[in-house]
Amino acid sequence: MEWFRELRNSDLGGPDFRVLFFLCENMKQEDNIAYLKQKEIASRLHMDRGNVSKCIKRLYSVQFIAKCENGFMINPHLFSVGHTYRPNREDLREKFNDLLNTAPFYEVNEDEFILEVHTNDENDEV
């Protein structure tokens with residue numbers, strides 16, 4: 001539930017949330033990826049392609065999503081569907097972290113059940 005605090009504290013606006021929730025709605029349970037192109041997102045949400053592009057950039061900058069080869073991966077540290085203890089959960093998180101080029105990044109501490117925010121400096125907590 002800590003992820004909702006991150007949502008609330010972000011500087012995202014209504015269009016950003018529309019795009020984020022649309023991506024979440026369309027992500028595949030197996031890999032947290034929404035296999036969509038920006039053009040399709042714009043068309044289905046009846047939004048300007050330039051605005052969708054700006055939303056995608058903002059969502060990426062706060063690390064709620066990452067661009068991947070065939071679409072957008074929704075941050076599995078913050079949001080996932082299906083069974084809580086999926087066997088590939090850690091693989092998904094590592095894949096997402098590999099897609100990011102910025103800091104800080106989110107990580108779920110499984111032992112203490114808390115959301116941690118780290119910088120690029122060898123997991124220094126922010």
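How many helices and how many strands does the protein chain have? There are five helices and five strands, and they come from a predicted model, so please read everything below in that light. Following the sequence from its start, you meet the elements in the pattern α-α-β-α-α-β-β-α-β-β. The protein chain has 126 residues, and 41% of them count as buried. Among the contacts with a separation of 6 or more, 52% join residues that are 24 or more positions apart.

Let us start with helix α2, which covers residues 14–26. Two of its residues, Phe17 and Phe21, sit four residues apart, about one turn of the helix. What kind of aromatic pair do Phe17 and Phe21 form? A pair of aromatic rings is described by the distance of the centres and the angle of the planes. For the rings of Phe17 and Phe21, the centres are 5.9 Å apart and the planes make an angle of 25 degrees. Planes under 30 degrees apart count as stacked, so the pair formed by Phe17 and Phe21 is a stacked one. The count of aromatic pairs in the model comes to one. As for its surroundings, Phe21 is partly exposed, and its relative accessible area is 45%.

Helix α2 also meets helix α3, which spans residues 38–45. How do these two helices lie relative to each other? Their axes come within 11 Å and cross at roughly 105 degrees. Angles from 65 to 115 degrees count as roughly perpendicular, and α2 and α3 are therefore roughly perpendicular to each other. On the α2 side, the residues involved are Arg18, Val19, Phe22, Leu23 and Asn26; on the α3 side, they are Ile41, Arg44 and Leu45. Sorted by character, the residues of this contact comprise five nonpolar, one polar and two charged.

From here, move on to helix α4, which runs over residues 49–61 and includes Arg49. Which residues does Arg49 touch, leaving aside those up to four places away in sequence? They are Lys39 and Ala42. Arg49 and Lys39 are 10 residues apart in sequence, while their C-alpha atoms are 6.2 Å apart in space. Is Arg49 buried or exposed? With a relative accessible area of 53%, Arg49 is exposed, because the cut-off for that class is over 50%.

Now for the sheet. Strands of a sheet pair through backbone hydrogen bonds, either parallel or antiparallel. In this model, three strands form an open sheet in the order β1-β3-β2, with antiparallel pairing. Which strands lie at the edges? They are β1 (33–34) and β2, each of which pairs on one side only. Strand β2, residues 65–68, pairs with strand β3, residues 71–74, in the antiparallel sense over four bridges. Two residues lie between β2 and β3, and the two strands form a hairpin. One of the bridges joins Cys68 to Gly71 in β3. Strand β3 also pairs with β1 in the antiparallel sense, this time over two bridges. Here Ala34 has Phe72 of β3 as its bridge partner.

Two loop residues are worth a look before you leave this part of the chain. Asn32 lies in the loop between α2 and β1, and Gln63 is found in the loop between α4 and β2. Asn32 has a positive phi of about 60 degrees although it is not a glycine. For Gln63, likewise not a glycine, phi is also positive, at about 60 degrees. Are these residues buried or exposed? The relative accessibility of Asn32 is 0%, so Asn32 counts as buried. Gln63 is buried too, with a relative accessible area of 1%.

Key
Residues numbered from 1 in each chain as written. Predicted model: local features only at pLDDT ≥ 70, side-chain atom pairs only at ≥ 80, totals over all residues. Heavy atoms only, no water. Axes fitted to C-alpha atoms, helices over the stretch in contact; angles between N-to-C directions. Parallel < 35°, antiparallel > 145°, perpendicular 65-115°, else oblique. Contact = heavy atoms within 4.5 Å. Nonpolar A, V, L, I, M, F, W, Y, C, P; charged D, E, K, R; others polar. Phe/Tyr/Trp six-rings, centres within 6.5 Å; stacked < 30°, edge-to-face > 60°. Buried < 20%, exposed > 50% of the residue type's maximum accessible area, 1.4 Å probe, protein only. Pairing = 2+ DSSP bridges.
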